[in-house]
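Biologist: Hi! Could you walk me through this structure?
Modeller: Happy to, let's look at it together.

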Amino acid sequence: MLLRHIGGLLTQPKTEWEAIATEQTAVVDLLRSYIAILAAIPPIAGLLGTTLVGWQVGEGEVVKLTLRSALNIAIAYYLAILVAVFTIGKLIHWMAQTYGATQPLGRCLALAAYSATPLFLVGIVQSYPIIWINYVIGLPVLAYTVYLFYSGVPIMMEVPTERAFLFASAVLAVGLVALVGLLAATVVLWGIGVAPSFTA
């Protein structure tokens, strides 16, 4: 099972990337046995956190979402994660030729998915939706995710380190632009009435 790589990615990433690079991973297997499982952690934790725990702004009341609203958001969140990881994998595959690294889509998707492992796992923190706690825990994990990606590119894509740095930077830049686009889409959806419902 592909979940066996989690420990190695968190403790000895270079060695684990070398082990992953020797595997012939099919896209469907990676989606079914790794991405689909780990991508469910943040939405489920968020669903539980926003309906059972809630959050508080200053001295105000605790705010919670209705179960129906939270469930709709969790489903959209899950689908957005799946689409984002697959899109980054396709982007890596498409950009690879520019950097002299022609690799199969399965390997490119593996690079995207395994790099995102820390973000998937830290999603459990969303079960307690206090913004400052999520930032304090999430920002170092985000930094480690970026490190994981930069350390994985030269091994998985089989390119020199200098070229791998530029390659990884280009992918991250496009990913940040996509994130801003997703945030803008969320604002537009809320503006036209697709907003969360809060409990009374």
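Modeller: One term to start with: a residue counts as exposed when its relative accessible area is over 50%. Keep in mind that this is a predicted model.
Biologist: Got it. Is isoleucine 131 buried or exposed, then?
Modeller: Isoleucine 131 has a relative accessible area of 60%, so it is exposed. This residue lies in helix H8.
Biologist: Which residues make the nonpolar surface patch with it?
Modeller: Ile131 shares that patch of about 550 Å² with Leu119, Tyr135, Leu139, Leu142 and Val146. Helix H8, residues 131–157, gives the largest share, 5 residues.
Biologist: Switching topic: how many salt bridges are there?
Modeller: The whole structure has 4 salt bridges. In one of them, arginine 4 meets glutamate 23, at 2.7 Å from N to O.
Biologist: Where do those two sit in the chain?
Modeller: Arginine 4 is in the segment before helix H1, while glutamate 23 is in the loop between helix H2 and helix H3, so the pair links distant parts of the chain, 19 residues apart.
Biologist: And is glutamate 23 buried or exposed?
Modeller: Its relative accessibility is 19%, and the limit for buried is under 20%, so glutamate 23 counts as buried.
Biologist: What about cavities, how many of 30 Å³ or more?
Modeller: The count is 1. Glu23 turns up again here, as one of the lining residues, along with Ile20, Thr25, Gly106, Arg107, Ala110 and Met156.
Biologist: Which helix gives the most to that lining?
Modeller: Helix H6, residues 105–115, with 3 residues. By type, the lining has 3 nonpolar, 2 polar and 2 charged residues.

Note on methods:
Residues are numbered from 1 along each chain as its sequence is written. This is a predicted model: local features need pLDDT of at least 70, side-chain atom pairs count only at pLDDT 80 or more; totals for chains, interfaces and linings use all residues. Side-chain values use heavy atoms; hydrogens and water are left out. Patches are made of residues with over 30% relative accessible area and no salt bridge: like charges are joined within 9 Å, nonpolar side chains (Val, Leu, Ile, Met, Phe, Trp, Tyr) within 5 Å. Accessible areas come from the Shrake-Rupley method with a 1.4 Å probe; for residues, only the protein chains shown count as cover. A salt bridge is a side-chain nitrogen of Lys or Arg within 4 Å of a carboxyl oxygen of Asp or Glu. Helices (H or I, at least four residues) and strands (E, at least two) are DSSP runs, numbered from the N terminus. Buried means under 20% relative accessible area, exposed over 50%, partly exposed in between (1.4 Å probe, protein chains only). On a 1 Å grid over the protein atoms alone, a cavity is a set of points where a 1.4 Å probe fits but cannot get out, and a pocket is an open set with protein on both sides within 12 Å along at least five of seven lines; lining residues have an atom within 4 Å of a point. Grid points are joined across faces, edges and corners, and a volume is the space filled by probe spheres set on the points. Ala, Val, Leu, Ile, Met, Phe, Trp, Tyr, Cys and Pro count as nonpolar, Asp, Glu, Lys and Arg as charged, and the others, Gly among them, as polar.
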